[in-house]
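Please open the model in a viewer and keep the selection panel at hand. The tour proceeds stop by stop, each with a selection to make and a description of what is found there.

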Amino acid sequence: MFSDSTLTEALSPRKFHLILMPTEKCNFRCTYCYEDFLIGRMPPGVVEGIKRLLAARVPTLSVLHVTWFGGEPLVASDLVLQLGGYAHELCRKHGVEFAANITTNGYGLTGDLFPRLLDISHTDYQITFDGDEEWHDRTRVLANGRATFARIWANMEACREAQGPFHIAFRLHVHEENVESVKRLYGRLRKEFLQDRRFRAFFHKVSRLSARPIKEGVLDKKGYLEALAYITDGASTRVSRASGLSEEHLDGYICYAAKPNSLMIRADGRIGKCTVALQDPLNDLGRIKEDGTVAINNEKLRLWFEGFGTLSEQTLGCPAVTLKQAKPPKDFVIAPSEIGRHRADPVKGLAEQI
Amino acid sequence: MDIRNPFHRIDPSGMSICSDGSVKYDDKELYEKSGGNVPAHVSSRSPNDACSNILACSESLNDGRCHNVGSCEESDNFNCANFTDCSPYAVNRVGCSDYSGCDDWSVCPKP
């Protein structure tokens, strides 16, 4: 059941959520990632188009929310600073609330870059770990195969020294093989970061979300909840389903892809709704032009809004599932039991995310 | 019409995005309701997004903390796992450091 405020926020024309991919290249090659990394850096014409779109839209808004996604967005950190800074200043000028979050692998979130991002009100971050160093460095590796844990951890220690408010959420991936590793990591995070209220952790189950098989063993719901209880020493069993501790602890969630006031602009200027189904024609809805206007196939777009007709939790929680069930392509295997409700903010990769 | 629910009927076929990126609803009532009720400080990570009756409460209190606002029932603050204290902030008494809904951990016992 959805609250009025949840529906208001999802439908409001005075709120605009823009998901931007400054590049679809990534410096990581996570073993389970579904992305193809074919599209590179956002060209100047698309950047200019986004600026003009923002210049036209912001004066009419109450809230602008920018989400950076990729690829790895901080591979193109100059574009994040340029466009994010522009949006931040525009909102300041017009008295519009501005929020920005970055889904990043954390490798490039250095102690030098972090304060510059905070200066332009980019205060929310999501960083994924696949367990402690032992497991993380098996699956979340650089494109050259090298380890990443130590550098990400050092970056987090540097971020912890920054002044001012920010929120860093650690997304901890869980599968059959890494439960002990995640427990060790969780203990270490509690000791070194989670006492600081600017940091938090939540869990997510690794699932197969593309046609390509993954090596990790996928937990069923019962096994997953048991694993969370073990990892958290039982704390996960004492929190409500609205706590956001994991995708099994979310109620009344409406995916950004279902919201009329949310758009994704890919690095090549194409417009879509879902950050997961990137190869799906149903997610190829139009494009932004250099003059800042958008050309959108509204007939196709409305398919993503169908959940509002019934207020179905499943459809609004993941409209892609309903679309795929209606017309399943061979390379898209998201099932309701696997994706369900994921985070309000898009997170890196479907296989990676879920 | 159920006056408690401005979204008693939503027709997806009447939703569009214009060339300037703005949202357009053919249903004028829906447009007005959705446009007129947005608290300025609501953002996607506000814990009060989950409060089912926040629209009946003071918008100024929607400040990112989990409140029991005005005449709202405690159950409206279901973002707090163990809502035991309405004033001034709702605090989660269990697993504080793991919990996103409450902002003021200083008054929480450490897990």
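**First stop: a loop with an unusual backbone**

Select A:L311, which lies in the loop between helix 10 (307–310) and helix 11 (313–317) of chain A; helices (H or I, at least four residues) and strands (E, at least two) are DSSP runs, numbered from the N terminus. A:L311 is not a glycine, yet its phi is positive, about 55°. With a relative accessible area of 29%, A:L311 is partly exposed; buried means under 20% relative accessible area, exposed over 50%, and partly exposed in between (1.4 Å probe, protein chains only). As background, most residues other than glycine have a negative phi, and most peptide bonds are trans.

This is a predicted model, in which local features need pLDDT of at least 70 and side-chain atom pairs count only at pLDDT 80 or more, while totals for chains, interfaces and linings use all residues; side-chain values use heavy atoms, with hydrogens and water left out. Residues are numbered from 1 along each chain as its sequence is written, and chains are lettered from A and ligands numbered from 1 in the order in which they are written.

**Two further backbone sites**

Move to A:S121, in the loop between helix 4 (113–119) and strand 4 of chain A. A:S121 also has a positive phi, about 60°, although it is not a glycine. Its relative accessibility of 24% places A:S121 among partly exposed residues.

Next, select A:G70 and A:G71, which are joined by a cis peptide bond with omega of about 15°. A:G71 belongs to the loop between strand 2 and helix 3 of chain A.

**The whole of chain A**

Now display chain A in full: its secondary structure comprises 14 helices and 10 strands. Of its 354 residues, 64% are buried. The exposed area of chain A is about 12,400 Å², 51% of which is supplied by carbon and sulfur atoms; accessible areas come from the Shrake-Rupley method with a 1.4 Å probe, and for residues only the protein chains shown count as cover. Among contacts (heavy atoms within 4.5 Å) in chain A between residues at least 6 apart in sequence, 70% join residues at least 24 apart.

**The sheet**

Colour the strands of chain A. In what order do the 10 strands form the open sheet? The order is 6-5-4-3-2-1-7-8-9-10, with mixed pairing; two strands pair if DSSP finds at least two bridges between them. Strand 6 (199–205) and strand 10 (294–296) of chain A are the edge strands, each pairing on one side only. From one strand to the next, the twist averages 25°.

Select strand 1 (residues 15–20) of chain A, which pairs in the parallel sense with strand 7 (residues 262–265) of chain A over 4 bridges. Strand 1 of chain A also runs parallel to strand 2 of chain A, joined by 6 bridges. A:L18 has A:L263 as its bridge partner in strand 7 of chain A and A:V66 as its bridge partner in strand 2 of chain A. Because 6 of the 6 residues of strand 1 of chain A are buried, this strand is largely enclosed by the rest of the structure. A:K15, A:H17 and A:I19 point one way from strand 1 of chain A, and A:F16, A:L18 and A:L20 point the other way.

**Helices on the sheet and on each other**

Add helix 6 (residues 149–160) of chain A, which lies across strand 4 (122–129), strand 5 (167–174) and strand 6 of chain A and runs at about 150° to strand 4 of chain A. Axes are lines fitted to C-alpha atoms, for helices over the stretch in contact, and angles run from 0 to 180 degrees between N-to-C directions.

Then select helix 2 and helix 3 (residues 77–94) of chain A, which pack at an angle of about 15° with their axes 10 Å apart. Helix 2 of chain A is therefore roughly parallel to helix 3 of chain A (angles under 35 degrees count as roughly parallel, over 145 as roughly antiparallel, 65 to 115 as roughly perpendicular and the rest as oblique). Show side chains at this contact: residues of helix 2 including A:V47, A:I50 and A:L54 meet residues of helix 3 including A:L79, A:L83 and A:Y86 in chain A.

**Last stop: chain B**

Finally, select chain B, which contains 1 helix and 2 strands in the pattern β-β-α along the sequence. Buried residues account for 50% of its 111 residues.
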